[in-house]
Amino acid sequence: MIKSCRGIIGGGTVSASHADPATTIEFLTESGEIVSSTLCLHTPRRGAVTVKLGNNAYVICGTGAESEDLSSIERFDCSTLTIEEGRRWEFPCALTCACSCQLDSGSMVMGGYKAVNQDCLASIYMVQGEEFDISVRAAGQLLIPRKNATAETLIDGSVIVVGGWDGRSTLRQTELVNVREDGKFRGSLSRPLLEPRECVSSTSVENCVLVFGGFDGFGVTDSAEMFVVPRGSTHGIFNV
């Protein structure tokens, strides 16, 4: 039995030369050990997002084995190492290549792509609930539709969404996502990246957001950027 789980890696692509979605599960324990499981997802998928509620991880949407957009959600119980899939966890729409971010009140799933009509999305959904029962609701809009972006929570509780692709070009634009008076989340333009990036990785350390690598529209880049958020304010964000 695994008492607690820090992170989960589910699905993905088998290898760089073989684009079939994978179903294998790996997870990161509190001790920092990466454990490979013989368990498999019920549905092969790539481009999924994963959110964590309590001691469960929910693997959301993605692209299936027949290149179809998925709306299904699977729950991975980190205590019993079991996976469950059910219609009661269906996402409101089928999408892939969205980004997610953890808040105190739940998790946000933002942007993404619908291959069926080749549209990038600007939607924001909030995933909330208890460990064994979740709810998903439409919660607002990004300013720019984007897929393959990344997102991080800032020190004041707002969220920054970085880079991605808008259907025409790789993006330098970043957005700050805050809740409005009507309770909906809305994106507003923030400090742009020094370079356009999609399929980028990121992490936050105290008042800094670090952005690594990605695709700049012409090739894979090895550069990195750092956003510094002045303590107590997100209005003076600058990058180095």
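Q: Why is Arg75 called buried in this predicted model?
A: Its relative accessible area is 7%. Buried means under 20%, so Arg75 qualifies.

Q: What makes Arg75 and Glu84 a salt bridge?
A: Their side chains meet at 2.8 Å, N to O. The limit is 4 Å, so the pair counts.

Q: Is Glu84 buried, exposed or partly exposed, and why?
A: Glu84 is at 32% relative accessibility. That value lies between the 20% and 50% cut-offs, so Glu84 counts as partly exposed.

Q: Which residues does the network of salt bridges with Arg75 join?
A: Bridges that share partners join Arg75, Asp77 and Glu84 into one network.

Q: How many salt bridges does the structure hold?
A: It holds six. One of them pairs Arg168 with Asp166, where the closest N and O atoms are 3.4 Å apart. That is within 4 Å, so the contact counts.

Q: Why is Arg168 called exposed?
A: The relative accessible area of Arg168 is 72%. Exposed means over 50%, so the label fits.

Q: Why is Asp166 called buried?
A: Asp166 is at 14% relative accessibility. That is under 20%, so Asp166 is buried.

Q: What makes Arg146 and Glu175 a salt bridge, and where do the two residues lie?
A: The side chains meet at 2.9 Å, N to O, within the 4 Å limit. Arg146 is in the loop between β14 (133-141) and β15 (150-153), and Glu175 is in strand β17. The two are 29 residues apart, and the pair links distant parts of the chain. Both Arg146 and Glu175 are buried.

Q: How do you know that Cys93 is in no disulfide with Cys61?
A: The closest cysteine sulfur to that of Cys93 is in Cys61, 6.3 Å away. A disulfide needs sulfur atoms within 2.5 Å, so this distance is too far for a bond. Cys93 is buried, because its relative accessible area of 16% is under 20%.

Q: What about Cys199, and how many disulfides are there?
A: Cys199 is in no disulfide: the nearest cysteine sulfur, that of Cys97, is 7.1 Å away. The structure holds zero disulfides.

Q: How many aromatic pairs are there, and what makes Tyr58 and Trp89 one of them?
A: The count is three. The ring centres of Tyr58 and Trp89 are 5.9 Å apart, and the cut-off is 6.5 Å, so they pair.

Q: Why is the pair of Tyr58 and Trp89 called edge-to-face?
A: Their planes are at 80 degrees. Over 60 degrees counts as edge-to-face, so the name follows.

Q: Which parts does this pair tie together?
A: Tyr58 lies in strand β6, and Trp89 lies in the loop between β8 (82-85) and β9 (99-103). The pair therefore ties together parts that are 31 residues apart in sequence.

Q: How do you know that Tyr58 and Trp89 are buried?
A: Tyr58 is at 0% relative accessibility. Trp89 has a relative accessible area of 1%. Each value is under 20%, so both residues are buried.

Q: Which residues have the most contacts inside the largest nonpolar core?
A: They are Tyr58, Ile60, Phe91, Val109 and Val127, in a core of 17 residues. The elements giving two or more residues to this core are β5, β6 and β13. A second, separate core of 16 residues includes Cys99, Cys101, Met108 and Leu142.

Q: What makes Lys147 a charge over the ring of Tyr113?
A: The charged end of Lys147 sits over that ring, 4.2 Å from its centre. The distance limit is 6 Å, so this value passes.

How values were computed
Residues are numbered from 1 along each chain as its sequence is written. This is a predicted model: local features need pLDDT of at least 70, side-chain atom pairs count only at pLDDT 80 or more; totals for chains, interfaces and linings use all residues. Side-chain values use heavy atoms; hydrogens and water are left out. A nonpolar core is a set of buried Ala, Val, Leu, Ile, Met, Phe, Trp, Tyr and Cys residues joined through side-chain atoms within 4.5 Å. Buried means under 20% relative accessible area, exposed over 50%, partly exposed in between (1.4 Å probe, protein chains only). Helices (H or I, at least four residues) and strands (E, at least two) are DSSP runs, numbered from the N terminus. Rings of Phe, Tyr and Trp (its six-membered ring) pair if their centres lie within 6.5 Å; planes under 30 degrees apart count as stacked, over 60 as edge-to-face and the rest as tilted. A charge sits over a ring if NZ of Lys or CZ of Arg is within 6 Å of the ring centre and within 35 degrees of the ring normal.
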